[in-house]
Amino acid sequence: MNKFISTSLVVIGGGPAGYSAAFRASDLGIKTVLIEKNLVLGGVCLNVGCIPSKALLHFSKVLEEYKEFFKLDIFTNKPKFNINKIHSWKKDIILKMNSGLNILAKKRKVKVLHGKASFINKKKIKMLSSNNDSFEINFENAVIASGSSPIKFPCIKSNDKRIWYSTDALNIPFIPNKMLIIGGGVIGLEMATVYSALGSNVDVIENSSSIFPTLDIDVSSFFINSIKNKFNLILNACVENIDFSKKNLCVQIKIKDQLKKFKYDVILISIGRSPNVSSLNLHNIDLNLDRKNFILTDNQCRTNIKNIFSIGDVSGNPMLAHKGIYEGHLAAEVISGKNHYFDTTIIPNICYTDPEVAWVGITEKEAKLKNIEYLVSVFPWSALGRAAVSNSSVGMTKLIYNKTTKKIIGGSVVGRSAGELLGEISLAIEMGCDVTDISLTMHAHPTLYESINSASKIVDRTITDLLNF
């Protein structure tokens with residue numbers, strides 16, 4: 001028997017984009033229903049993505065720091081850890097955040113339904129719950145925030161338990177001795193960081209000639225050199241064949257023009273993500289998709305259907321939680337009648353490896369394409385006091401600025417906590433700061449963010465920590 005609900009707004013998907021849209025809409029006085037297919041809110045990000053991966057990456061960083069002090073004979077015992085305790089710690093973090101979201105939804109009077117949603121028409125959605133309760137929801141506006149899923153490797157049809165995807169890797173079924181990661185993107189590199197710290201011998205293969213294709217070559221090269229003693233990154237490589245018949249997975253890999261065979265205990269597939277649209281019955285509403293099935297939107301997150309919006313991963317790259325949250329707020333505000341647009345100058349990018357690599361704004365590549373006359377300033381962390389005392393001297397801070405106005409237009413950081421340092425550069429770009437604004441701003445010493453000040457002082461020729469040529 002169907003249950004009928006009428007609401008001003010229905011949001012499909014309870015991840016960061018979806019719950020942000022629902023909560024913001026409620027704050028703006030809009031009656032809101034939030035549909036999440038799983039039994040908890042938070043989506044991939046909280047439950048099997050950003051949060052658990054960053055927990056493991058934090059532990060990996062602590063473990064690596066212990067190892068560094070062990071090599072110096074400061075610690076005399078080799079590090080030992082309890083995998084079950086790590087799981088419990090990670091699970092507790094997620095449960096607390098799940099609980100927090102439930103409380104926020106109740107306080108805001110957002111009605112949360114758990115089940116699979118599909119469109120009947122442009123004003124009505126059907127939802128089927130896990131216990132087969134059926135709902136018909138009439139709405140004035142809808143926000144699609146259904147997220148994305150890992151792309152399956154086309155050559156692998158086996159259900160072999162030695163083939164992992166990101167969710168499997170985050171659960172750490174065991175620590176493999178030899179591990180292959182197919183895909184040198186953010187997820188692949190972060191999992192390589194975790195498992196190499198845990199003790200695995202990790203190879204990462206990437207079929208292109210570079211990692212982070214939008215990143216400048218000097219930054220990506222610096223990063224690659226900084227991780228070469230942690231795991232093996234192989235560019236211009238692809239899998240030709242996998243033999244599942246033996247104890248170890250025998251993998252034939254083509255590296256440039258040569259075929260080589262390797263044996264692995266586990267293969268982690270990390271070749272990108274695809275939008276979750278197949279179960280939404282979008283053909284019932286003639287919603288426009290691109291060639292990869294991402295939902296097309298305008299600069300207000302509106303689809304080709306006036307009362308239906310789309311946000312987060314399902315709307316395409318960059319598939320970042322903070323972009324989804326920003327879009328969630330924007331969509332809710334537009335629905336409430338505000339004349340707001342997606343007009344942010346920058347979107348921060350961070351890979352939480354060790355060291356981290358982070359970048360924001362215009363890169364040198366982009367500046368050249370746009371015919372922007374620019375200059376670059378790079379401050380090495382080898383001259384940074386805080387880096388020296390925290391075993392973090394392998395790092396760099398790079399600023400890109402307009403040659404004429406000296407306004408900061410982009411920046412990259414490689415080093416521990418690089419993502420945190422990116423905040424000042426992001427704000428500088430958004431507020432139109434020039435390098436002198438930064439160089440004349442007193443920065444605390446000794447800190448890592450002091451490197452941004454020093455990079456600015458290089459431009460103003462006031463640097464004293466390096467020779468000023």
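1. Strands β12 and β13 (residues 249-255) run antiparallel and are joined by six bridges. Within this pairing, A237 has I255 of β13 as its bridge partner. The model discussed throughout this note is a predicted one, and the points below should be read with that in mind.

2. The pairing of β12 with β13 belongs to an open sheet of three strands, whose order is β12-β13-β14 and whose pairing is antiparallel. The edges of this sheet are formed by β12 (237-243) and β14 (258-264), each of which pairs on one side only. From one strand to the next, the twist averages 30°.

3. Strand β15 (residues 266-269) deserves a separate point, since the directions of its side chains can be followed residue by residue. V266 and L268 point one way from the strand, whereas I267 and I269 point the other way, and all of them are buried.

4. Which strands pair with β15 in the parallel sense? Strand β8 (residues 163-164) does so over two bridges, and in this pairing W164 stands opposite L268 of β15. Strand β9 (residues 178-182) also runs parallel to β15, and four bridges join the two; here L180 stands opposite I267 of β15. The two residues of β15 named in these pairings, L268 and I267, point opposite ways from the strand and are both buried.

5. F222 is found in helix α7 (residues 217-227). Is this residue buried, partly exposed or exposed? F222 counts as partly exposed because its relative accessibility is 26%, which lies between the 20% and 50% cut-offs.

6. Leaving aside residues up to four places away in sequence, F222 touches V394, G395, M396 and V414. For T193, the separation from F222 is 29 residues in sequence and 16 Å in space, taken from C-alpha to C-alpha.

7. On the cysteines, a disulfide would require a pair of cysteine sulfur atoms within 2.5 Å, and by this rule the count comes to zero. C351 is accordingly in no disulfide, and the nearest cysteine sulfur to it, that of C50, is 12 Å away.

8. Are C351 and C433 buried or exposed? C351 counts as buried because its relative accessibility is 0%. C433 is buried as well, because its relative accessible area of 17% falls under the 20% cut-off.

Key: Residues are numbered from 1 along each chain as its sequence is written. This is a predicted model: local features need pLDDT of at least 70, side-chain atom pairs count only at pLDDT 80 or more; totals for chains, interfaces and linings use all residues. Side-chain values use heavy atoms; hydrogens and water are left out. Buried means under 20% relative accessible area, exposed over 50%, partly exposed in between (1.4 Å probe, protein chains only). Two strands pair if DSSP finds at least two bridges between them. Contact means heavy atoms within 4.5 Å. Axes are lines fitted to C-alpha atoms, for helices over the stretch in contact, and angles run from 0 to 180 degrees between N-to-C directions.
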